[in-house]
Amino acid sequence: MTEVLGVSVGASAVRMARPDARPQDSGRLDFHHDTVDAYWDRAEELAAESIGVVLSQAGDGGPVQATGVAYRDQQQFGEIQQAMASQRLYNYRLVPEARAALQYLEASGELGHFGTIALYDLGSSGLTISVIDRGTGQVLLAERTIDISGDDFDRLISDNQLAKQGVDIADNQELSEFTARCRVAKEQLSTSGAVCLPGDGGVILISRESFESLVTVPIEYSARLVRDVIGRSPKHVDALFLIGGGARIPLVESILGAWIGLPVVTPADPESVAARGAALLATPVADAPRRPSPQPGVRQSPSDPALLTGAPDWLSPEPTGDKPADSKRKVRGAVLVAGGLVAIAALGLSLGYGGSSTEPTSSPVETSAPVTAVPTTPRTTAPPTTVPPTTTVPPTTEAAQAPARTYSEPEYVPPAAPAPAPAPPPLIPGLPQIQLPQIQLPPAPVIELPRF
């Protein structure tokens with residue numbers, strides 16, 4: 001027989017079941033059970049870690065070849081997927097809790113002649129009521145509520161005991177530990193008439209009658225919900241099956257039997273029904289990848305795409321080529337911008353130095369910018385007889401001004417009188433300065449008419 005593992009993930013505990021490979025004399029299918037308390041950890045992550053530990057060990061029938069994990073709803077489906085991927089576990093199948101429960105009840109023979117059944121699954125976090133067609137395995141109707149849960153029963157016991165003792169626990173840690181002991185007392189009351197649990201937070205002393213008086217109203221509320229769901233079922237319901245940890249409370253079966261008017265069946269070990277059914281539905285995943293070996297000295301996070309290999313498509317990253325599309329667009333844009341700037345620079349250089357000039361003139365310049373000469377119209381003058389005066393364009397007031405160019409203009413000087421000051425030449429602005437990568441606009445032109 002192939003060694004398989006079934007797991008159910010509850011809010012308070014992770015339950016694992018492995019079918020016994022040895023045949024029983026009675027022909028009944030037996031299971032080995034393990035329970036891991038999940039009150040202090042996230043149940044999905046704890047389940048993945050526990051599965052990894054079991055898979056690393058060989059059981060009586062050899063190593064586990066297939067794993068089935070029962071999930072409650074779509075949200076838990078995704079959380080289990082992520083937790084399993086973080087542990088690099090891929091050889092498993094996820095099955096709905098209702099289908100897993102139906103599979104076990106069918107295999108154990110407890111369904112009998114019933115056709116359409118209703119499941120009453122009372123766990124620590126809430127109550128789920130499902131109507132299932134036995135012939136097709138389809139869930140016809142399902143409803144979940146958190147108004148009644150096993151955790152609520154624990155708090156009711158805790159409040160009752162603290163009120164009796166006149167104690168007010170302010171520390172959250174102490175209150176959590178006291179509530180955990182109340183949960184143990186609730187579980188023991190399923191088979192005992194009274195419970196006495198001593199502890200640091202005080203003695204818990206409660207009888208079954210006192211406990212039932214605390215939980216009668218919530219259980220009757222759940223019975224009304226069951227009656228409403230069964231009334232809306234598209235098919236007639238033949239029987240009600242109680243599963244989950246809350247099904248162990250004797251008052252639940254008695255109240256539901258009185259309110260519903262249908263046969264009420266509580267299987268053995270009702271809290272592990274989903275885990276046993278998941279084990280029966282477990283089949284090996286043929287294309288499950290092996291656990292990748294980590295690179296030496298490299299730490300891989302759970303979101304690493306390498307860890308998601310073989311995971312569902314909606315968990316896998318988008319496929320990528322040799323280069324991401326965004327990188328290609330960035331490189332192409334950078335090349336276009338650089339090419340445009342080179343073309344502008346070449347045009348400016350060709351315009352600034354391509355023409356002929358006989359009398360250069362200066363133009364305003366910007367800080368730390370090169371000076372570009374602009375050709376002007378030559379002036380006809382007499383041949384020079386003396387050294388012409390030199391006129392320098394005054395620099396601007398900017399902090400870092402490039403040295404201005406000078407020019408010489410010949411003027412006729414009479415022999416008896418000094419030569420008059422030369423007339424200023426016409427000012428023609430130059431081309432705009434080109435500075436890479438920024439381009440500045442030229443100043444507004446100023447035209448001054450020549451003197452005659």
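## The central sheet

Two strands count as paired if DSSP finds at least two bridges between them. Helices (H or I, at least four residues) and strands (E, at least two) are DSSP runs, numbered from the N terminus. With those terms in hand, let us look at this predicted model, in which local features need pLDDT of at least 70, side-chain atom pairs count only at pLDDT 80 or more, and totals for chains, interfaces and linings use all residues. Residues are numbered from 1 along each chain as its sequence is written, and side-chain values use heavy atoms, with hydrogens and water left out.

A good place to start is an open sheet of 5 strands, ordered S8-S7-S6-S11-S12 and mixed in its pairing. Its edges are strand S8 (139-145) and strand S12 (264-265), each of which pairs on one side only. Further in, S6 meets strand S7 (residues 127-133) through 7 bridges in the antiparallel sense. Within this ladder, Leu119 sits opposite Ser130 of S7. Helix H3 (residues 97-108) lies across S6, S7, S8 and strand S11 (239-243), and the angle between H3 and S6 is about 115 degrees. Such angles run from 0 to 180 degrees between N-to-C directions, with axes that are lines fitted to C-alpha atoms, for helices over the stretch in contact.

## Thr116 in strand S6

Thr116 is a residue of strand S6. Its relative accessibility is 5%, and Thr116 therefore counts as buried (buried means under 20% relative accessible area, exposed over 50%, and partly exposed in between, with a 1.4 Å probe and protein chains only).

Contact here means heavy atoms within 4.5 Å. Leaving out residues up to four places away in sequence, Thr116 touches Val131, Ile132, Asp133, Leu140, Lys235, His236, Val237, Asp238 and Ala239. Among these partners, Val131, Ile132 and Asp133 fall in S7 (residues 127-133), while Leu140 belongs to the edge strand S8 (139-145).

## The N-terminal strands

Another set of strands is found early in the chain. S1 and S2 form a hairpin, with 3 residues between them, and pair in the antiparallel sense over 4 bridges. One opposing pair is Val9 and Val14, the latter in S2.

S2 also runs antiparallel to S3, to which 7 bridges join it. Here Pro19 has Phe31 of S3 as its bridge partner. S2 is mostly covered, with 6 of its 7 residues buried.

## The largest pocket

The largest pocket holds about 750 Å³ of space. It has 36 lining residues, and those closest to its centre are Arg15, Gly123, Gly244, Gly245 and Glu271. On a 1 Å grid over the protein atoms alone, a pocket is an open set of points with protein on both sides within 12 Å along at least five of seven lines, whereas a cavity is a set where a 1.4 Å probe fits but cannot get out; lining residues have an atom within 4 Å of a point. Points are joined across faces, edges and corners, and the volume is the space filled by probe spheres set on them.

The elements that each supply at least two lining residues are strands S1 (4-9), S2 (13-19), S3 (31-37) and S6 (116-122), together with helices H4 (150-165), H5 (172-188) and H8 (273-281). H5 gives the largest share, 3 residues. By class, the lining has 11 nonpolar, 14 polar and 11 charged residues (Ala, Val, Leu, Ile, Met, Phe, Trp, Tyr, Cys and Pro count as nonpolar, Asp, Glu, Lys and Arg as charged, and the others, Gly among them, as polar).

## Loop residues to look at

Two loop residues other than glycine have positive phi values. Arg88, in the loop between helix H2 (74-86) and strand S5 (93-96), has a phi near 60 degrees; this residue is buried, with a relative accessible area of 15%. Asp269, in the loop between S12 and H8, has a phi of about 50 degrees and counts as partly exposed at 30% relative accessibility.

Gly201 lies in the loop between strand S9 (194-197) and strand S10 (204-207), and is partly exposed at 30% relative accessibility. Its contacts, leaving aside neighbours within four places in sequence, are Gln165, Phe178 and Arg181. Gly201 and Val167 are 34 residues apart in sequence and 8.8 Å apart in space, C-alpha to C-alpha.

## The whole chain

Stepping back, the protein chain has 9 helices and 14 strands. Of its 452 residues, 37% count as buried. Among contacts with a separation of 6 or more, 61% are between residues 24 or more positions apart.
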